[in-house]
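Please open the model in your viewer and keep the sequence panel beside it, since each stop on this tour begins with a selection and then describes what is found there.

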Amino acid sequence: MAARSPLGRTIAAHAVLIAYTLIALFPVFVIVVNSFKSRRAIFAEPLALPNAETFDLVGYTTVLAQGDFFQYFQNSLIVTVVSLAGVLLFGAMAAFALSEYRFRGNTLMGLYLALGIMIPIRLGTVAILQMMVAGGLVNTLTALILVYTAQGLPLAVFILSEFMRQVSDDLKNAGRIDGLSEYRIFFTLVLPLVRPAMATVAVFTMIPIWNDLWFPLILAPAEETKTITLGSQVFIGQFVTNWNAVLSALSLAIIPVMVLYLIFSRQLIRGITAGAVK
Amino acid sequence: MARKAVRWHIAVFLAPAVLIYTAIMIIPLFATLNLSLFTLVDRARVFAGLDNFRTLFGDPRWSETFWNALGNNAWFFLVHMLVQNPIGVLLAALLSSPRLRMAAFYRTAIFVPTILSFVIVGFVWKLILSPIWGIAPGMLDMVGLKSLFTPWLGKQEYALTTLALISVWQFVGIPMMLIYAALLSIPDEVLEAAEMDGVTGMSQFWKIKLPLILPSIGIISILTFVGNFNAFDLIYVAQGALAGPDFATDILGTFLYRTFFGFQLQLGDPHMGATIATAMFGIILVGVCIYLFLIQTRLRRYQF
C-alpha cells in the first residue's frame, strides 16, 4: 500500500464519495428547501436557502387545510403496517417450518415459495383485479393488504430461513426436553433470536409497499382509499401551478419512510451480509 | 415400519403463508396466462388459442407498439447494466476500503434515493430538468455550458435515456449495498495473502476481489433485469400513461397499463392485457432461466 501514497488515495476516495453523496441528496434538498419558501422565491432563486424575507409556510398550510391529506396518510400507514405484520409473522412461521423440520416436499415447497422473488406479482394484475371485483374488495384497503402480503412473503421466507438455520439446535432441543410445544419454541426461543433479520426484511418489505403506485391506481383509486403515493400523484395533477403546495406535500410524504429508514439502516447491512447474498 | 404421527404443527406453520401466496399470487398469475388464450366475441368469452399472440406480434396496429416498447425496454435495461452496476461496484469498492472514515454516513446517504417514491423522484427531476424553472440550465450556465442544455425529457431522442439515468440515480444504492456486503465477507486472510504476494491496490481489486464478488454481480444483474422489464411507475409519473413524446419512452409496463385500462378513446381490453402480461412473463422467465442455468452454474462460489 505504501508504494503509492495512501493519503492521496484516501482523499480521492473521499472526493468521489462526497461527489456522489451530493448527487444523491441534491434533489431531496431542492424539494425540502423550496417547500419553505414563498412562491416568488422558488422561481427567482431555486437553490437559495430560505431567509427571513423568503420564508413562507403557505405550502404547508394549503396542504394541511386539505383534510384528504391526513386520510391518505392514514391509509398508507394502515396498509403498510398491516401488510408488514402479515409478511413478518407468516413469513417467519413458514421459514421456521422449512428450516427446522425435515418433511417430504420440503425443498420443493422452498422453491415454490422462492418463485415469487423472481416473478413479479404485477404480471397477474388482470386476474387479481377480476378476483377483487368478484370478491367485492375493489376500493378497499383489504385488497391492497392482501396483495402486498403475498408480494412480500417470498423474500421474507427466503431471508428468514437462511437466518433460522443458524439458530442453535441445542437451544431448541433443550426447550423440547423442558416440555415446550413447537409453537412455544418458535415464539419464545427462535423469534427473539432472529430479530435483526426481521428488521432487514421489514425494510425491504416496507419501502416498495409505501411507494407503490401500480396497485393503488388499479385496485383502490377511490378518494377514501387513496394511499399517500397515489394521493400525491393526483395532488400534483390538481395543483400543478401551486408549487408551494406540491413541494410541501412531497416533503411530508418523504418524512415517514426517511424516519423508518434511519432507524433500521444499521440492521440493513448486517441482514444483507448474512442472508440474501449467500 | 411404524407410521410416524402426523406433525400438524408443520402444516400450521406453513399454512398462512402458502395460502395467501397461492391465492393472491400464483393462481392469478396462471389465470392471467390462461386469459390470454381467450377473447371477447359479442360479449361472450371465446377460446381463441394463440390468436391474441398472433395479433400482438403480427397485426401492425399492435406489433408496432409492442416492438417499440420491447426495444425501449431493452435499452432501458442496457443503460442500467452499463451505468448503474459499474457505479454501484465502484462506490462499494471505495466504501469497503479499510479505515475509511464516515463510511456509514456515505452508505446511508447514497441509499436515500432508493427509499423515495417514484412520484417524488419523477416530479423533482422534471423540475430540475425543466427549461422553465430550470435548475439544470442555471447550473450549466454557471460553468459556461448553457449551450448544452435542451429539454431532455421532452425530446424524442433523449427522453428514454434521461429516464433510464434517473432510474439509475434512484436505484444505484441496491447494487452498492449488495456488493459492499459481498466485499465485507471476503476474509482478511485472503487479502493479507495477496498483499504478501505484492498484489495490492487496483490489481488486488481486479485479480482477487472482483472474481470473489462475481456471484453477487450475477444476482444484481438478474434483479435489474426483472425490475426493468416490469417497470412502470417512473415512466407513468414522469411522462404519463402515453409515455411521450410520441411513445418514445413507452416500455412494456406502460403498454400493459394502457391496453388493460384503456386510454383516451380506446377501451380497456383484459384479454390483450393478459396477452401482454404473458409476453412479459415469457421474457422474464427466459432471463431468469439464462441466469439460473447458464450464468449461475458457471460462476464459482467460494466457501470460506
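Begin by selecting B:D59, which is partly exposed, with a relative accessible area of 22%. This is a predicted model, so please read each stop with that in mind. B:D59 forms a salt bridge with B:R61, and the closest N and O atoms of the pair are 3.4 Å apart. The partner, B:R61, is exposed at a relative accessible area of 67%, whereas B:D59, at 22%, falls into the partly exposed class because that class lies between the 20% and 50% limits.

Staying in chain B, select B:D250 and B:R258, which are joined by a salt bridge whose closest N and O atoms are 2.9 Å apart. Is this pair buried or exposed? Both B:D250 and B:R258 are buried.

A further group of charged residues is found in chain A, where salt bridges with shared partners link A:E100, A:D169, A:K172, A:R176 and A:E182 into one network. Within that group, display the side chains of A:R176 and A:E182, which meet in a salt bridge with an N to O distance of 2.7 Å. A:R176 counts as partly exposed at 26% relative accessibility, while A:E182 is buried, with a relative accessible area of 16%. Over all chains, the structure holds ten salt bridges.

Keep A:E182 on display and add B:H9, which is found in helix α1 of chain B, a helix that covers residues 8-35. Which residues does B:H9 contact once its neighbours within four places in sequence are left aside? They are A:Y101, A:E182 and A:Y183, so this stop connects chain B with the residue A:E182 that also takes part in the salt bridge network of chain A. B:H9 is itself buried, with a relative accessible area of 16%.

Now select the whole of chain B, which has 13 helices and four strands. Its C-alpha trace spans about 85 × 80 × 35 Å along the principal axes, and of its 304 residues 55% count as buried. If you compute a contact map for chain B, consider the contacts with a separation of 6 or more: residues 24 or more positions apart account for 64% of them. The accessible surface of chain B comes to about 14600 Å², and 66% of that area belongs to carbon and sulfur atoms.

Within chain B, select helix α4, residues 103-115. This helix has 13 residues and reaches 19 Å from its first C-alpha to its last, which is close to the 18 Å expected at 1.5 Å a residue. Eleven of the 13 residues of α4(B) are buried, so the helix is largely enclosed by the rest of the structure. Among the buried residues are B:Y106, B:R107, B:F111 and B:P113.

For a contrast in exposure, move to B:M142, which lies in helix α6 of chain B, residues 135-142. B:M142 is exposed, with a relative accessible area of 64%, and belongs to a nonpolar patch on the surface. To show the patch, select A:F29, A:L47, A:L49, B:M139, B:M142, B:V143, B:L145 and B:L148, which together have about 770 Å² of accessible area.

Turn next to chain A as a whole, which is divided into domain 1 (6-56) and domain 2 (63-274). Colouring the two ranges separately will help here, as the centres of domain 1 and domain 2 of chain A, taken over C-alpha atoms, are separated by 32 Å. The contact takes ten residues from domain 1 of chain A and nine residues from domain 2 of chain A.

Two helices of chain A close the tour. Select A:V234, which lies in helix α12, residues 228-238, and which counts as partly exposed at 28% relative accessibility. A distance label between the C-alpha atoms of A:V234 and A:A220, 14 residues apart along the chain, should read 13 Å. Finally, select A:L260 in helix α13, residues 243-274, which is partly exposed with a relative accessible area of 32%. How far from A:A202 is A:L260 in space, C-alpha to C-alpha? A:L260 and A:A202 are 9.8 Å apart in space, although 58 residues apart in sequence.

Terms used. Residues numbered from 1 in each chain as written. Chains lettered and ligands numbered in written order. Predicted model: local features only at pLDDT ≥ 70, side-chain atom pairs only at ≥ 80, totals over all residues. Heavy atoms only, no water. Patch = residues over 30% accessible without salt bridge, like charges linked within 9 Å, V, L, I, M, F, W, Y side chains within 5 Å. Areas by Shrake-Rupley, 256 points an atom, 1.4 Å probe, with all protein chains shown as cover. Salt bridge = Lys/Arg side-chain N within 4 Å of Asp/Glu carboxyl O. Buried < 20%, exposed > 50% of the residue type's maximum accessible area, 1.4 Å probe, protein only. Expected span 1.5 Å × (residues − 1). Domains from an automatic or database assignment. Contact = heavy atoms within 4.5 Å.
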